[in-house]
Amino acid sequence: MTSPALPRARSEVARRFARPKLWLALLCLALPSCAPAERPNILLVSLDTLRADSLGSHGYPRDTTPFLDELAAEGLRFDKAFVVTLATTPSHVSILSSQYQESHGVLLASRKEEGAEAAIISPTTTLLPEVMAEAGYLTLAVTDGGRFRERFGFGRGFAEFDGSRARGIVRGAERLLAMLDRHGEAEAPLFVLYHTYEIHAPYDPPPPYDSLFGEGPESDFVPSAARLREVIDTAGRDLTPADLERIRLFYDRGIRFTDDGLRRLFEGLAERGFFDRDHLVVVTSDHGEEFGERGGVLHRGLLYEEFLHVPLILKGSRVPVGEVRSDLVSSLDIAPTILAYAGLDVPDAMQGVDLLGRPPLPAERQRIIAQYRNTRYALRTPGWKYIASGRPELYHLTADPGERENLAARHPERVDEFQSYLDRWREAQAERRPSEARTEELTAEELEEMRALGYVN
């Protein structure tokens with residue numbers, strides 16, 4: 001069928017986004033500590049469950065992300081960006097706090113997230129929107145609810161936070177634009193957070209997207225929350241290669257639906273003048289997804305590339321155009337980059353770095369750590385990946401990007417080196433951790449929403 005995408009020819013509002021007013025940008029360049037009224041607008045977009053290799057700009061053959069590809073071509077793309085933990089709650093806490101899960105402690109040792117309770121962010125953990133609000137920003141957020149709710153602590157620092165119910169890209173974008181309209185007379189710079197579960201299971205985009213990219217292989221597998229939960233519970237033992245390919249097809253359709261929705265959202269922002277002043281846009285994800293690489297689907301407590309490798313695109317008045325960087329970066333770097341771009345000091349508690357700063361990233365940042373709770377840890381360098389999860393795993397990523405051949409037995413000295421580094425790192429992080437972890441019971445409505453997203457049985 002013909003793709004339902006918007007025309008590639010740019011509208012006037014799209015051109016306004018591509019060519020912001022540069023005199024304000026130059027003013028903030030000259031005045032790093034510029035007053036709030038002169039600071040840039042900031043937009044942070046989190047596309048839940050989007051793995052990096054699903055984007056055309058990362059080489060994916062299906063036309064899943066024409067708008068994100070345009071955004072990347074007009075800005076800066078990091079082709080080796082990784083999250084530092086899995087699952088929506090702790091990963092977004094790491095993005096907003098610039099702290100490892102080992103440091104902020106959210107769901108570090110508990111499995112409560114998978115039942116009727118959810119973790120609460122410690123009040124001692126400083127979040128990006130709190131810093132922005134203190135600097136005079138009008139802070140606004142729309143999320144798709146689920147594990148990204150105000151009462152779990154994510155609302156801290158926001159003047160208005162709408163995360164009441166998973167609604168998808170269309171209704172979520174409408175809510176965000178309506179929120180901006182309510183604050184249309186405000187003169188303060190904007191910090192806007194937008195999050196959507198649209199790409200997340202159960203992979204059910206509306207017509208005509210539900211038949212995009214053809215029918216796929218012969219398979220009677222139709223994704224649903226219950227069906228995918230059944231697959232998880234059986235570790236994917238009953239899935240055929242055709243089933244897995246069909247599941248990926250449904251996932252890709254949802255990505256394209258989301259991408260087209262983002263284009264419309266950005267045009268709505270342009271109509272409201274969001275990009276007329278100095279601005280920065282950051283697009284990323286909280287984790288990837290599996291499609292049979294390890295024998296299952298969705299995301300679970302594994303630390304291989306398909307779960308950790310996410311998109312990271314920066315576009316703004318003072319961002320390099322058409323540049324691709326291959327140094328290792330992590331989700332910890334997002335908050336410091338935003339703060340530095342806005343001319344604000346980065347709190348000492350934040351562990352990331354400014355990706356737009358000069359000189360280049362320090363040499364020690366060529367080691368990226370990720371974890372799943374306190375049971376699995378991964379240490380990645382440009383060429384190697386070490387996973388500590390009971391039995392050691394060591395992969396030479398240059399020769400084995402799919403992480404298929406475990407070389408731990410052949411390189412014991414490298415295993416010892418990486419494990420010693422992780423042990424020292426864990427000791428250092430423990431000193432930062434809040435003293436207590438708190439959870440709250442989910443309401444009946446929240447539980448039903450979690451079931452729809454496949455989080456609980």
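The exercises below work through a predicted model of one protein chain.

Residues are numbered from 1 along each chain as its sequence is written. Local features need pLDDT of at least 70, side-chain atom pairs count only at pLDDT 80 or more, totals for chains, interfaces and linings use all residues, and side-chain values use heavy atoms, with hydrogens and water left out.

**Exercise 1. The chain as a whole**

Task: State how many helices and strands the chain has, and what percentage of its residues count as buried.

Solution:
- Step 1. Helices (H or I, at least four residues) and strands (E, at least two) are DSSP runs, numbered from the N terminus. The chain has 13 helices and 19 strands.
- Step 2. Buried means under 20% relative accessible area, exposed over 50%, and partly exposed in between, with a 1.4 Å probe and protein chains only. Of the 457 residues, 59% count as buried.
- Step 3. A contact is a pair with heavy atoms within 4.5 Å. Among contacts in the chain with a separation of 6 or more, 75% come from residues 24 or more positions apart.

**Exercise 2. Helix α12**

Task: Find which residues of α12 are buried, and what they pack against.

Solution:
- Step 1. Check the length. The expected span of a helix is 1.5 Å times one less than its number of residues. Helix α12 covers residues 412–430, and its 19 residues should span 27 Å; the end C-alpha atoms are 27 Å apart, which agrees.
- Step 2. The buried residues of α12 are Val415, Phe418, Leu422, Trp425 and Gln429. They cover an arc of only 95° around the axis, which puts them on the same side of α12. The arc is that of the directions from the helix axis to the C-beta atoms.
- Step 3. Asp416, Arg424 and Glu427 are exposed on the other side of α12.
- Step 4. The packing partners of the buried residues are α5 (101–104), β15, β16, β17 (384–389) and β18 (391–396).

**Exercise 3. Helix α4 and the residue after it**

Task: Determine how many residues of α4 are buried, and describe serine 98.

Solution:
- Step 1. Helix α4 (residues 88–97) is mostly covered, with ten of its ten residues buried. Among them are Pro90, His92, Val93, Ile95 and Leu96.
- Step 2. The cover over these buried residues includes β1 (41–47), α5, α6 (128–134), β7 (190–196), β8 (279–284) and α11 (334–341).
- Step 3. Serine 98 comes just after α4, in the loop between α4 and α5. Serine 98 is not a glycine, yet has a positive phi of about 55°.
- Step 4. The relative accessible area of serine 98 is 0%, so serine 98 is buried.

**Exercise 4. Other backbone features in loops**

Task: Locate glutamate 403 and two cis peptide bonds.

Solution:
- Step 1. Glutamate 403 is in the loop between β18 and α12. Its phi is near 55°, a positive value in a residue other than glycine.
- Step 2. With 2% relative accessibility, glutamate 403 counts as buried.
- Step 3. The peptide bond from alanine 201 to proline 202 is cis, with omega near 20°. The bond from proline 207 to proline 208 is also cis, with omega near 0°.
- Step 4. Proline 202 is in the loop between β7 and α8 (225–233), and proline 208 lies in the loop between β7 and α8.

**Exercise 5. Helix α13**

Task: Separate the buried face of α13 from the face turned away, then place arginine 451.

Solution:
- Step 1. In α13 (residues 444–452), Glu446, Leu447, Glu449 and Met450 are buried. They fall within an arc of 160° seen down the axis, so they line one face of α13.
- Step 2. Ala444 and Glu445 are exposed on the face turned away from the buried side.
- Step 3. The cover of the buried residues includes β19 (438–441).
- Step 4. Arginine 451 belongs to α13 and is partly exposed, at 35% relative accessible area. Arginine 451 and glycine 146 are 305 residues apart in sequence and 9.7 Å apart in space, C-alpha to C-alpha.

**Exercise 6. The largest cavity**

Task: Give the volume of the largest cavity and the classes of its lining residues.

Solution:
- Step 1. On a 1 Å grid over the protein atoms alone, a cavity is a set of points where a 1.4 Å probe fits but cannot get out; lining residues have an atom within 4 Å of a point. A volume is the space filled by probe spheres set on the points, which are joined across faces, edges and corners.
- Step 2. The structure holds three cavities of 30 Å³ or more, and the largest cavity has about 50 Å³ of space.
- Step 3. Its lining includes Phe82, Glu305, Ile368, Arg380 and Lys385. The elements giving two or more residues are α10 (305–308), β15 (368–372) and β16 (376–380).
- Step 4. Ala, Val, Leu, Ile, Met, Phe, Trp, Tyr, Cys and Pro count as nonpolar, Asp, Glu, Lys and Arg as charged, and the others, Gly among them, as polar. The lining has seven nonpolar, no polar and three charged residues.

Note on methods. On a 1 Å grid over the protein atoms alone, a cavity is a set of points where a 1.4 Å probe fits but cannot get out, and a pocket is an open set with protein on both sides within 12 Å along at least five of seven lines; lining residues have an atom within 4 Å of a point.
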